Amino acid sequence: MNWTTPVAVKRIMRVADHERAARDYDNEIKVISKLSHPNLVPFVGSCDENGELLLGYDLIHNGTLDYHLHYANTILSWGRRYAIYAPKHDRWDHMSTDII
């Protein structure tokens, strides 16, 4: 990894239940480290030091889908939204068909 490359950092908030926060942190690392999809931001690492629980992701310069759907003044067309949604939906549809 090039240590000069900017990353996005997600900070897991410590709550009164420290064990739960640590468990949630560990579970998120287990799940996201196994995921790979063109529409998911790649996970690059984690840090658990000095009481901080941090997750690192590739920095997306144009913002997240959540930002563009809910906060930005930009409008995503329904065609573009479907193009983002369809690959994941098709996979889940196929998986649920196999299970039944």
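Visitor: Which residue takes a positive phi in the hairpin of β2 and β3?

Guide: Asn50 does, with a phi near 50°. That hairpin has 2 residues between the strands. Keep in mind that this is a predicted model.

Visitor: What makes β2 and β3 a pair?

Guide: Two strands pair if DSSP finds at least two bridges between them. β2 and β3 have 6 bridges, in the antiparallel sense, so they count as paired. One example is Ser46, whose bridge partner in β3 is Leu55.

Visitor: How do you know that β1 and β3 pair?

Guide: The test again asks for at least two bridges. β1 and β3 have 6, also antiparallel. They therefore pass. Val7 is part of this pairing, and its bridge partner in β3 is Asp58.

Visitor: What pattern does the protein chain follow along the sequence?

Guide: The pattern reads β-α-β-β-α-α. That makes 3 helices and 3 strands.

Visitor: How do you know that the span of α1 agrees with what it should be?

Guide: α1 has 15 residues. The expected span is 1.5 Å times one less than that number. This gives 21 Å, and the end C-alpha atoms are 21 Å apart, so the two agree.

Visitor: Which residues of α1 are buried?

Guide: Ala21, Tyr25, Ile29 and Ile32 are. Each has under 20% relative accessible area, which is the cut-off for the word.

Visitor: What puts these residues on the same side of α1?

Guide: Ala21, Tyr25, Ile29 and Ile32 cover an arc of only 85° around the axis, so they lie on the same side of α1. The face turned away from that side carries Glu19 and Lys30. Both are exposed, meaning over 50% relative accessible area.

Visitor: What do the buried residues of α1 pack against?

Guide: They pack against β1, β2 and β3.

Visitor: Why is the set with Ile12 and Leu53 called a nonpolar core?

Guide: The name calls for buried residues of listed kinds, such as Ile, Leu, Ala and Tyr, joined through side-chain atoms within 4.5 Å. The largest such set here has 8 residues: Ile12, Ala21, Tyr25, Ile29, Ile32, Leu53, Leu55 and Tyr57. They therefore earn the name. α1 and β3 each supply at least two of them. α1 gives the most, with 4 residues. In soluble globular proteins, nonpolar side chains tend to be buried together.

Visitor: How many of the residues in the protein chain count as buried?

Guide: Of its 100 residues, 14% do. The accessible surface comes to about 8300 Å². Carbon and sulfur atoms account for 57% of that surface.

Conventions. Residues numbered from 1 in each chain as written. Predicted model: local features only at pLDDT ≥ 70, side-chain atom pairs only at ≥ 80, totals over all residues. Heavy atoms only, no water. Buried < 20%, exposed > 50% of the residue type's maximum accessible area, 1.4 Å probe, protein only. Areas by Shrake-Rupley, 256 points an atom, 1.4 Å probe, with all protein chains shown as cover. Arc of directions from axis to C-beta. Contact = heavy atoms within 4.5 Å.
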